[in-house]
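Here are my notes on the model, set out point by point. Please read them with the structure open.

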Amino acid sequence: MKNILFKIIENLENYLCQFLLVTFVVLLFLQIVLRNIFSYSIPWGDELATYAFVWFAYLGAAYATKMSAHNRVTFQFKLFPRWVETFCAVLTDIIWIGFNAVFVYLSYDFVFNKMNLFWKSQTMGIPMKYFYFILPIAFTAMTLRIIQNNYLRFVKKVDLVDPEAKALESLKKGEEENANHEAAGEK
């Protein structure tokens, strides 16, 4: 039971992003079909699809943080000793955590203290604070994932490689294997 719970928490952003993307795509597809075939549309469909997309984007940013997939310019570090790259990576992560902390504070303050209780979504009638609540959630999740990645990198000594670099490496290996198989087949 503990392993299942840990797996769910570990992949929470992934599961939520998949659900939100499916919801977004299905709602938009349904709206297109209903409008073109039946000259009808679901009144709240576009609004819910928009909010699902916004939540998807913010949770996707948290998931990208977990995967170490945010863009970083690191080419210049090849000219310096390894410790310079490590120092700069930690420094930028500290700055990123600081930005996130400020944004969590400001967005939480906005959602719970400054937002009018009577602000509701136009077609669904749901208080807007529920839609804006993604801001403190996503930036808190990003902060936790930054800390988790640094723990894995510096304490557990895990080499975190972003998914794009992994995909490029596997493509290169596949091309090399194909070239080896072709060379062996020609002989």
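1. **Terms and ground rules.** Buried means under 20% relative accessible area, exposed means over 50%, and partly exposed is in between (1.4 Å probe, protein chains only). The model is predicted: local features need pLDDT of at least 70, side-chain atom pairs count only at pLDDT 80 or more, and totals for chains, interfaces and linings use all residues. Residues are numbered from 1 along each chain as its sequence is written, and side-chain values use heavy atoms, with hydrogens and water left out.

2. **R145 and E10.** R145 is buried, because its relative accessible area is 9%. Its side chain meets that of E10 in a salt bridge, at 3.7 Å from N to O. A salt bridge here is a side-chain nitrogen of Lys or Arg within 4 Å of a carboxyl oxygen of Asp or Glu. E10 lies in helix α1 and R145 in helix α6, so the pair ties together parts that are 135 residues apart in sequence. Helices (H or I, at least four residues) and strands (E, at least two) are DSSP runs, numbered from the N terminus.

3. **The network.** The E10 and R145 pair does not stand alone: E10, E13, K66 and R145 are linked in a network of salt bridges. The whole structure holds 9 salt bridges. Side chains of opposite charge can pair when their charged atoms come close.

4. **D93 and R72.** These two side chains form a salt bridge at 2.5 Å, N to O. The pair links distant parts of the chain, with D93 in helix α4 and R72 in the loop between α3 and α4, 21 residues apart. Are the two partners buried or exposed? D93 is buried, since its relative accessible area is 4%. R72 counts as partly exposed, because its relative accessibility is 41%.

5. **K114 and D109.** Another salt bridge joins the side chains of K114 and D109, again with its N to O distance given as 2.5 Å. K114 is exposed, as its relative accessibility is 57%. D109 is buried, with a relative accessible area of 14%.

6. **The largest pocket.** How much space lies in the largest pocket? About 1100 Å³. It is lined by 32 residues, and the closest to its centre are R72, T74, E85, L160 and D162. The elements that give two or more residues to the lining are α4 (82-114), α6 (134-154) and α7 (163-186). The most comes from α4, with 8 residues. For the method: on a 1 Å grid over the protein atoms alone, a cavity is a set of points where a 1.4 Å probe fits but cannot get out, while a pocket is an open set with protein on both sides within 12 Å along at least five of seven lines; lining residues have an atom within 4 Å of a point. Grid points are joined across faces, edges and corners, and the volume is the space filled by probe spheres set on the points.

7. **A nonpolar patch.** I4, I8, L12, Y15 and L16 make a nonpolar surface patch of about 420 Å². Two elements, α1 (2-10) and α2, give two or more residues to it. The largest share is from α2, with 3 residues. Patch residues have over 30% relative accessible area and no salt bridge; like charges are joined within 9 Å, and nonpolar side chains (Val, Leu, Ile, Met, Phe, Trp, Tyr) within 5 Å. Areas come from the Shrake-Rupley method with a 1.4 Å probe, and for residues only the protein chains shown count as cover.

8. **Y15.** This patch residue sits in helix α2. Y15 is partly exposed, because its relative accessibility is 36%. Leaving aside neighbours within four places in sequence, Y15 is in contact (heavy atoms within 4.5 Å) with K7 and I8. Y15 and M124 are 109 residues apart in sequence, and their C-alpha atoms are 25 Å apart in space.

9. **I42.** Where is I42? I42 is in the loop between α2 (12-38) and α3 (45-66). I42 is buried, because its relative accessibility is 13%. Not counting residues up to four places away in sequence, I42 touches L30, Q31 and L34. I42 and S68 are 26 residues apart along the chain, with 39 Å between their C-alpha atoms.

10. **Backbone points to check.** Which phi sign does S68 have? S68 has a positive phi, about 55 degrees, although it is not a glycine. S68 is in the loop between α3 and α4. K157 is not a glycine, yet has a positive phi of about 60 degrees. K157 lies in the loop between α6 and α7. K157 is exposed, because its relative accessible area is 65%.
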